Amino acid sequence: MKYHLGAAGTFTAPSGNTITASVVANPSHLEAVDPVLEGVVRAKQDLLERGEEGFTVLPVLVHGDAAFAGQGVVAETLNLSQLRGYRTGGTVHVVVNNQVGFTTSPASSRSSVYATDVARMIQAPIFHVNGDDPEAVVRVGQLAYEYRQAFRKDVVIDLICYRRRGHNEGDNPAFTQPLMYDLIDAKRSTRKLYTEALIGRGDITVEEAEQALRDYQAKLEQAFTEVREAAKKPKEAAAMRVPPAEVVKWSHADTPTAISDETLKRIVDTQLSLPEGFTPHPRLAPVLQRRGQMVEQDSIDWAMGETLAFGSLLIDGHPVRLVGQDSRRGTFTQRHAVLVDRMTGADHTPLKTFNQGTTKFYVYDSLLSEFAALGFEYGYSVVRPDALVCWEAQFGDFVNGAQTIIDEFISSGEQKWGQRSSVVLLLPHGYEGQGPDHSSARIERFLQVCALDNMTVAQPTTPANYFHPAALAGGVRAAQAAGGLHAEVAAAPQGGHVQGVRLHLGHLPAGHR
């Protein structure tokens, strides 16, 4: 079984060089962690401010052969690899290919020749290497790393090996693969084969080999003793764990969400002041002009309420990342977070006016995916509790495809691993005659998995209901990580986009809106 609890530490090489290494917490749901890891890495790269070409954090994914071939999220994650909103500069994929999936033979688990053929969809190089040849494995590892560094693309190592024993203590693989396990039982281990090769060519002596084995066994015994003794001591919270959510005290009233007239004017100006020579679409120009009029007439709509929330968070130093299907324009032609020049096709993102340092406005159209796309944003939010991280479905019910991420990470990650996330799901829908597949965000499913303040479901009904939770989300998280809250969302009528954490509305001070 792969290790499930995340960890972090520093690796020291024989040369004395050090590198920080971390393991991302992962569930038994095979491959669900793939996009989560990529989101974690992208967030760290954004924090380093080394630009999209820096890619100084290296993602390494370890897969099983049956899962790599069989789980669709693998293909979705590979498809993320070269997209602007998701690039991490290439991932090294290591497929531990033991040629059996629990009890299922390759003939029953894939239609392709190799377990790694799915990676051909992005033309990734695939190195097939014999796991019984350690030096060949090391050489392939070096090649894979050098390829990633040179071309900033994914690369796959297909480590052809075998599983000597069963999937777990109660499993006898000979029940289902008797011929394979006759061969494996008669086979000497990789360690013995390599030791004989080293001795045979004179690299080491028999005595040195025996001493190396004794040293290794002594280290194993020492580790076993330390763990056994540690189990007798009072349990202490691991460094990566956090207090239970109910222990963290916070109040909506302590986090003001109102913005001043001055801030409001600065945000409106970004919508009206376009770059010199920029030609908006003729049908879009009046939409932007109306945004200024809304403020004067106190008639702010959903899209402008969202713009004010995002802009004010950026001004206050909180990054905002919004990603989803058609999120730049908005499924309902309402957002227009990115404007496209009618004559040249050049992009202009008004709210990027407030970018400063690592406080940036990131807005991307995603691939047509829910599972991997939401997993990526979850991972991103784990690393950046200071940011408002939003994933938006094209319609609220499209979140169906991301149910695994909701069940295995969002609703349960804190309970399982002490891992907090502040990802916000925007699930727009409206009762406007578009049929049953576009009129529900499946709010009942979220309510079924709400417990211990693990997440909050909100269904705003006015732009004000939308603005204040958005501002609250960024402010509370920056101040105290929001007690581990996850902002899960239902939706508003008439196609209104929704976002929410705990709802707090109150009288605003004079001079504020």
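**Exercise 1. Two positive phi angles**

Task: In this predicted model, state where T333 lies and what its phi angle is, then do likewise for Q123.

Solution.
- Step 1. T333 sits in the loop between β7 and β8.
- Step 2. The phi of T333 is positive, about 55°, although T333 is not a glycine.
- Step 3. With 46% relative accessibility, T333 counts as partly exposed, because that class runs between 20% and 50%.
- Step 4. Q123 belongs to the loop between α4 (106-109) and β5 (126-130).
- Step 5. Q123 has a phi near 55°, again a positive value in a residue other than glycine.
- Step 6. The relative accessible area of Q123 is 71%, so Q123 is exposed.

**Exercise 2. A salt bridge from the same loop**

Task: R328 lies in the loop between β7 (320-324) and β8 (339-340). Which residue forms a salt bridge with R328, and which parts of the chain does the pair tie together?

Solution.
- Step 1. The partner of R328 is D347, and the closest N and O atoms are 3.0 Å apart.
- Step 2. D347 is in strand β9 (residues 347-348), whereas R328 is in the β7-β8 loop, so the salt bridge ties together parts that are 19 residues apart in sequence.
- Step 3. D347 is partly exposed at a relative accessible area of 42%, and R328 is partly exposed at 21%.

**Exercise 3. Salt bridges elsewhere**

Task: How many salt bridges does the structure hold? Describe the pair D46 and R42 and the pair E196 and R188, and classify each residue as buried or partly exposed.

Solution.
- Step 1. The structure holds 17 salt bridges.
- Step 2. In the pair D46 and R42, the closest N and O atoms are 3.5 Å apart, which satisfies the 4 Å cut-off for a salt bridge.
- Step 3. Helix α1 (residues 33-48) contains both D46 and R42, which are four residues apart, or about one turn of the helix.
- Step 4. D46 has a relative accessible area of 12% and is therefore buried. R42 is also buried, at 2%.
- Step 5. E196 and R188 meet through their side chains in a salt bridge, with an N to O distance of 2.6 Å.
- Step 6. E196 counts as partly exposed at 40% relative accessibility, and R188 counts as partly exposed at 44%.
- Step 7. A network of salt bridges links E135, R201 and D203.

**Exercise 4. Two helix pairs**

Task: Find the crossing angle of α1 and α3 and that of α12 and α13, and decide how each pair is oriented.

Solution.
- Step 1. Two packed helices are described by the angle and the distance between their axes.
- Step 2. The axes of α1 and helix α3 (residues 72-80) cross at roughly 25° and come within 8 Å.
- Step 3. An angle under 35 degrees counts as roughly parallel, and α1 and α3 are therefore roughly parallel to each other.
- Step 4. On the α1 side the contact is made by D34, P35 and E38, and on the α3 side by V73, V74, T77 and L80.
- Step 5. Helix α12 (residues 371-383) and helix α13 (residues 403-410) have axes that come within 8 Å and cross at roughly 30°.
- Step 6. By this criterion α12 and α13 are likewise roughly parallel to each other.
- Step 7. F371, L374, G375 and Y378 of α12 make the contact with T404, I405, I406, F409 and I410 of α13.

**Exercise 5. The surroundings of R148**

Task: Is R148 buried or exposed, and which residues is R148 in contact with beyond its neighbours within four places in sequence?

Solution.
- Step 1. R148 is part of helix α5 (residues 134-151).
- Step 2. R148 has 1% relative accessibility, so R148 counts as buried.
- Step 3. Outside those neighbours, the contacts of R148 are Q45, F55, V57, L58, P59, T88, G89, G90 and K153.
- Step 4. The C-alpha atoms of R148 and T91 are 7.2 Å apart, although the two residues are separated by 57 residues along the chain.

**Exercise 6. A nonpolar patch and the whole chain**

Task: Which residues make the nonpolar surface patch of about 370 Å², and what are the overall figures for the protein chain?

Solution.
- Step 1. The patch is made by L58, V60, V62, V96 and Y145.
- Step 2. Within the patch, V62 belongs to strand β3 (residues 60-64) and is partly exposed, at a relative accessible area of 41%.
- Step 3. The protein chain has 16 helices and 14 strands, and 45% of its 513 residues count as buried.
- Step 4. Carbon and sulfur atoms account for 54% of the chain's accessible surface of about 25,500 Å².
- Step 5. Of the contacts between residues at least 6 apart in sequence, 77% join residues at least 24 apart.

Note on methods:
Residues are numbered from 1 along each chain as its sequence is written. This is a predicted model: local features need pLDDT of at least 70, side-chain atom pairs count only at pLDDT 80 or more; totals for chains, interfaces and linings use all residues. Side-chain values use heavy atoms; hydrogens and water are left out. Patches are made of residues with over 30% relative accessible area and no salt bridge: like charges are joined within 9 Å, nonpolar side chains (Val, Leu, Ile, Met, Phe, Trp, Tyr) within 5 Å. Accessible areas come from the Shrake-Rupley method with a 1.4 Å probe; for residues, only the protein chains shown count as cover. Buried means under 20% relative accessible area, exposed over 50%, partly exposed in between (1.4 Å probe, protein chains only). Axes are lines fitted to C-alpha atoms, for helices over the stretch in contact, and angles run from 0 to 180 degrees between N-to-C directions. Angles under 35 degrees count as roughly parallel, over 145 as roughly antiparallel, 65 to 115 as roughly perpendicular and the rest as oblique. Contact means heavy atoms within 4.5 Å.
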